[in-house]
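Colleague: Could you take me through one part of this model in close detail, beginning with a strand pairing in one of the sheets and then working outwards to whatever surrounds it? I would like one connected account that I can follow with the structure open beside me.

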Amino acid sequence: MTQLDYVAPTSADEAAAALAAGGGAARALAGGTDLLVQLRSRRLKPGLIVDLKRIPGAIGVREENGDFVVGAATPGAVIGEHEALAKAWPGVVEAARLIGSTQIQGRASMAGNLCNASPAADSAPALIAARAICVIVGPAGRRAAPAEAIATGPGRTSLALGEFVFEIRLPARPARSADAYLRFIPRTEMDIAVVGAGVNLTLDGDGAVVDARVALGAVGPTVIVAEAAAAALIGGRLDEATLARLDEAARAACRPIGDKRGTAEYRTKIAGVLARRAAVIAYARAKARAGEDA
Amino acid sequence: MTRTHVSATVNGDPAEFLSDPGTTLLDALRDELGLTGAKEGCGSGDCGACSVIVDGRLVCACLMLAAEAEGRRIETIEGMADGSTLHPLQRQFLEHAALQCGFCTPGMLVATKALLDANPDPTESETRYWLAGNLCRCTGYDKVIRAVMDAAAELRQVRV
């Protein structure tokens, strides 16, 4: 029988030390909605589980100089209840809220979603479009990395031995900004994204897009930052020609597999459609926020 | 392997048990505490038959380690009735015949209690979305939804 231990350290440094001492067989536990499934299916046979939830700050959302800081183990339900966060980052919040059922929302976290490194993780495109920064704690101290640097392939991350994501920071951005996330699934609830699209926009005073970021999920081994798609939005007001360029650039960025959830051609086509629709939603939200601030 | 000693509050009463590090809360509730109302349907968080409320949040007991329950407040189906007086949700489930085999029913009841605790006046659509993670292979859900809507109305009357 494989030996398994459980510890629940009360500081981030202790957690990093425990993870490092546990070596490759140690796993960090946040909400556990992926880890426990892997444990049960015996896909994973860890020797040590390091529960992060007793570390102060691991659960909760706080504001720091205009940044929002989301603790690694903050469940979707808590994220959804934070009104200021939902107002500032509606796309990130709607992405986090799409993950699983009510029960899963009671536990599942965005940091766990990122570190599970599924190409179809719903919160990943939204966080990457938002230019979220992960604060990573490890035996050598703290470092910061952009959200897109976490996953390196399906189920694989760039985290070194003993490292874990402790916080996700959503950076302050100008007024007249907003984001949106859309995913396609063949039913209305409880499914895995066939394609996901996150769009984050900032407008100038006249309603022209001055900054844009487009991130596409489930159309490659990791989330794709579609730079040409974002560039297509700059300077425009999302007229039909602009949206057509966005659609084309988003499709051009895709390199999906085909599987039972969708063929590669279908995913590529849907990526363009979702990028368009998410851009339209983000644009309307940014305009509405500009109206409120004026 | 060291067994962990866990102290928690279960249905308002202090509870203590020993758990192996890989034991789920569901297994601890069923095997250590004898609370067999929460069921294991899938063991992977898809079916909701093991729904319990932990510190006010609805969760799947199969996706939580028993060791994580230390100091937590846990509510299970066994705490729902007040002695021999059924909770309005339980009574409405019976009146609407909102169950056949009954395997999903404890999870349905705990999940809908969590809904009505948070939102006393949910729409039918909100109720259906809330219960998306509670699978029932017998009823087709309609009677469940009707039972929940009637129980919600009844509870609102009581509150007034």
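Modeller: A good place to begin is L216(A), which stands opposite I224(A) in strand β14 of chain A. Please keep in mind throughout that this is a predicted model. The strand β13(A), which covers residues 209-217, is joined to β14(A) by two bridges, and the two strands run antiparallel. They belong to an open sheet of four strands in chain A, ordered β11-β12-β13-β14, with antiparallel pairing. The edges of that sheet are β11(A) and β14(A), the latter made of residues 224-225, and each of these edge strands pairs on one side only.

At the β11 edge, the residue to look at is S177(A), which lies in the strand β11(A) that spans residues 177-184. Although this strand is at an edge of the sheet, S177(A) itself is buried, with a relative accessible area of 0%. Its side chain reaches the backbone oxygen of P174(A) at a distance of 2.6 Å. Beyond its neighbours within four places in sequence, S177(A) is in contact with L201(A), T202(A), A286(A) and R289(A).

Moving on from the sheet to the helices of chain A, D247(A) has its place in α10(A), the helix of residues 240-253. With a relative accessibility of 9%, D247(A) counts as buried. The side chain of D247(A) is joined to that of R251(A) by a polar contact of 2.7 Å. If residues up to four places away in sequence are set aside, D247(A) touches G272(A), V273(A) and R276(A).

A second helix of chain A, α5(A), runs over residues 90-97, and six of its eight residues are buried, so this helix is largely enclosed by the rest of the structure. The buried residues are P90(A), G91(A), V92(A), V93(A), A95(A) and A96(A).

From chain A we can turn to its contact with chain B, which takes 32 residues from chain B and 30 residues from chain A. The two chains bury about 2,400 Å² between them, and 57% of that area is on carbon and sulfur atoms. Between chain B and chain A the count is four salt bridges, and one of the pairs that meet in this way is E81(A) with R57(B), whose side chains come to 2.8 Å, N to O. On the side of chain B that touches chain A, the elements giving two or more residues are β4(B), residues 57-60, and α4(B), residues 124-130. The largest share of that side, four residues, comes from β4(B). The two chains also have ten residue pairs in polar contact, counting those with both residues at pLDDT 80 or more.

The cysteines of chain B deserve a last look, given that the structure holds zero disulfides over all chains. C62(B) is in no disulfide, and the nearest cysteine sulfur, which belongs to C50(B), is 3.8 Å away. With 5% relative accessibility, C62(B) counts as buried. For C138(B), the closest cysteine sulfur is in C101(B), at 3.9 Å, which is too far for a bond. At 31% relative accessibility, C138(B) counts as partly exposed.

Conventions
Residues are numbered from 1 along each chain as its sequence is written. Chains are lettered from A and ligands numbered from 1 in the order in which they are written. This is a predicted model: local features need pLDDT of at least 70, side-chain atom pairs count only at pLDDT 80 or more; totals for chains, interfaces and linings use all residues. Side-chain values use heavy atoms; hydrogens and water are left out. Buried means under 20% relative accessible area, exposed over 50%, partly exposed in between (1.4 Å probe, protein chains only). A disulfide is a pair of cysteine sulfur atoms within 2.5 Å. A polar contact is a pair of N or O atoms within 3.5 Å; within protein, one must be able to donate a hydrogen and the other to accept it, and residues adjacent in sequence count only if both atoms are side-chain atoms. Contact means heavy atoms within 4.5 Å. Two strands pair if DSSP finds at least two bridges between them. Buried area is the accessible area (1.4 Å probe) that two parts lose on being put together, summed over both.
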